[in-house]
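Q: Could you take a close look at the charged pairs and the cysteines here, and at the place where the two chains meet? I'd like the side chains walked through one by one.

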Amino acid sequence: MCLGIPMRVVKIEGSEGVVESGGLSRKANFSLIKSVALGDYVLLHAGFAIERIKPGEAKKTLKLLRDL
Amino acid sequence: MEVCGTHTMAIFRYGLRELLPANIRLISGPGCPVCVTPNRYLDKAIALAGTEGVTVATFGDMMRVPGSRSSLERERSKGASIRAVYSTDDALAMARSHPEREIVFLGVGFETTAPTVASSIIEALREGISNYSVLCGHKTMPEVMGALLAAGGVDVDGFLLPGHVSAIIGTSPYRFLANRYNKRSVVAGFEPLDIMQSILMLIRQRRPVVQVQYKRVIEEGGNRIAQVMMAKVFRKSDDLWRGIGKVRDSGYKIRREYASFDADLRFRPKPCREKEAGGCICGSVLRGVKIPSDCRLFGKSCTPDHPVGSCMVSGEGTCAAYYRYGGRR
């Protein structure tokens with residue numbers, strides 16, 4: 001499923017860690033992404049972070065949608 | 001056409017069809033990996049669940065899918081050892097804490113999920129876990145889109161491309177849609193405005209190209225680490241899609257070097273004789289040539305409570321979406 005949920009990185013332990021969103025936290029596997037830092041937002045799919053979410057691009061998209 | 005079950009559901013959930021003018025038609029394509037998994041795979045999974053010492057671990061949405069004669073859920077209620085898991089990490093944890101059991105993971109999903117399974121095999125090898133294997137049923141998107149266009153029969157001007165599959169594979173695998181078939185495409189996010197903006201971008205394309213709307217997630221080259229991991233563990237192979245038939249190079253098989261993690265080779269599961277449910281038109285629905293309300297079983301003998309075909313069972317199946325949201329067009 002394409003169901004990927006944006007979640008914030010709150011703990012990193014090697015290639016694993018914990019992500020959280022809306023008060024819910026989950027174990028996450030970071031072996032599929034390059035570098036991850038505390039506070040980063042990642043897309044979580046089946047327990048794996050599959051991509052970082054780019055805050056700059058998110059802001060740009062939001063502005064575009066507001067301007068529509 | 002959208003080719004992602006999550007897009008199908010989002011379009012329904014947010015009532016996007018009703019917001020669009022009548023001259024824009026959204027068609028659902030084969031976007032649900034569970035729905036396109038053939039009976040034979042389910043039958044093999046059921047055979048494995050009935051094997052002494054084997055515990056089958058699977059994503060939850062496979063549990064209720066009907067195979068030729070039964071389903072994993074029904075087998076579990078008869079005592080078979082089957083567990084729903086959220087992640088391959090959970091399946092590996094089971095293998096570690098139950099060395100006396102053989103854990104077989106059902107590898108179903110497109111390119112968003114396949115890297116997580118590849119990662120689990122690499123990890124199992126690294127740790128020396130010898131009681132973990134995968135029944136590999138992963139399929140890939142670009143080839144089936146090409147097969148649908150080559151077969152004709154579906155009148156499509158453009159595609160909403162799957163956001164998270166594309167996060168993994170990037171945009172270049174879709175270039176043939178524009179170059180060979182003159183079709184427009186846009187990689188779309190999953191919020192209602194993402195989808196609407198993507199439709200607008202499709203309409204505005206002066207000549208067919210592959211664009212990205214979902215810029216906050218998509219890198220043009222995709223996720224290189226995931227791609228390398230998949231290439232290491234899997235090789236491309238012709239594969240059978242429910243309702244569509246054989247599609248060249250559209251599936252993954254586990255490479256010889258990882259044969260000990262290949263449940264097919266390890267257990268040689270004997271499936272029961274394959275049988276398709278009579279009257280079920282999932283195939284035509286998956287190809288986008290029919291809609292669920294065209295099916296004589298829809299809403300009568302086939303509902304989410306007692307599904308006949310995979311498109312009704314899966315949380316992302318087109319029939320389930322139409323049923324839940326009362327779709328008519």
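A: Here's a walk through the salt bridges, then the chain contact, then the cysteines. Keep in mind that this is a predicted model.

Let's start with charge. Side chains of opposite charge can pair when their charged atoms come close. Searching the whole structure turns up 13 salt bridges over all chains. One of them joins Asp264(B) to Lys44(B), with the closest N and O atoms 3.1 Å apart. That pair connects distant parts of the chain: Asp264(B) belongs to helix α12 (residues 263-267) of chain B and Lys44(B) to helix α3 (residues 39-49) of chain B, 220 residues apart. As for how covered the partners are, Asp264(B) is partly exposed at a relative accessible area of 27%, while Lys44(B) is buried at 16%.

Next up is Asp194(B), which forms a salt bridge with Arg216(B); their closest N and O atoms are 2.7 Å apart. Asp194(B) sits in helix α10 (residues 192-204) of chain B, and Arg216(B) in the loop between β7 (210-212) and α11 (224-233) of chain B, so this bridge ties together parts that are 22 residues apart in sequence. Both ends count as buried because they fall under the 20% cut-off: Asp194(B) has a relative accessible area of 2%, and Arg216(B) has 15%.

Then there's Lys78(B), in a salt bridge with Glu75(B), where the closest N and O atoms are 3.3 Å apart. The two ends of this one don't share a label: Lys78(B) is exposed, with a relative accessible area of 60%, whereas Glu75(B) counts as buried at 15% relative accessibility.

Now for the place where the chains meet. On the chain A side, 28 residues are in contact with 37 residues of chain B. About 2700 Å² is buried between chain A and chain B, and carbon and sulfur atoms give 60% of that. The salt bridge count between the two chains is one. It pairs Lys54(A) with Glu219(B), the closest N and O atoms being 3.9 Å apart. Since the cut-off for a salt bridge is 4 Å, that pair falls within it. Beyond that, nine residue pairs are in polar contact between chain A and chain B (both at pLDDT 80 or more).

Which parts of chain A supply the side that touches chain B? β3 (24-29), β4 (41-45), β5 (48-52) and α1 (55-67) of chain A each put in at least two residues. α1(A) gives the most, with five residues. By type, that side of chain A divides into 15 nonpolar, six polar and seven charged residues.

Last, the cysteines. The count comes to one disulfide over all chains, and this disulfide joins Cys32(B) to Cys35(B), S to S 2.4 Å. The torsion about their S-S bond is about 70°, so the disulfide is right-handed. Cys32(B) and Cys35(B) are both buried.

What about Cys295(B)? Its sulfur is 6.2 Å from the closest cysteine sulfur, in Cys280(B), and that's too far for a bond. Cys295(B) is buried too, with a relative accessible area of 12%. Cys282(B) also counts as buried, at 6% relative accessibility.

Conventions
Residues numbered from 1 in each chain as written. Chains lettered and ligands numbered in written order. Heavy atoms only, no water. Salt bridge = Lys/Arg side-chain N within 4 Å of Asp/Glu carboxyl O. Helix = DSSP H or I, 4+ residues; strand = E, 2+ residues; numbered from the N terminus. Buried < 20%, exposed > 50% of the residue type's maximum accessible area, 1.4 Å probe, protein only. Contact = heavy atoms within 4.5 Å. Buried area = accessible area lost by both parts, 1.4 Å probe. Polar contact = N/O pair within 3.5 Å; in protein donor to acceptor, adjacent residues only side chain to side chain. Nonpolar A, V, L, I, M, F, W, Y, C, P; charged D, E, K, R; others polar. Disulfide = S-S within 2.5 Å.
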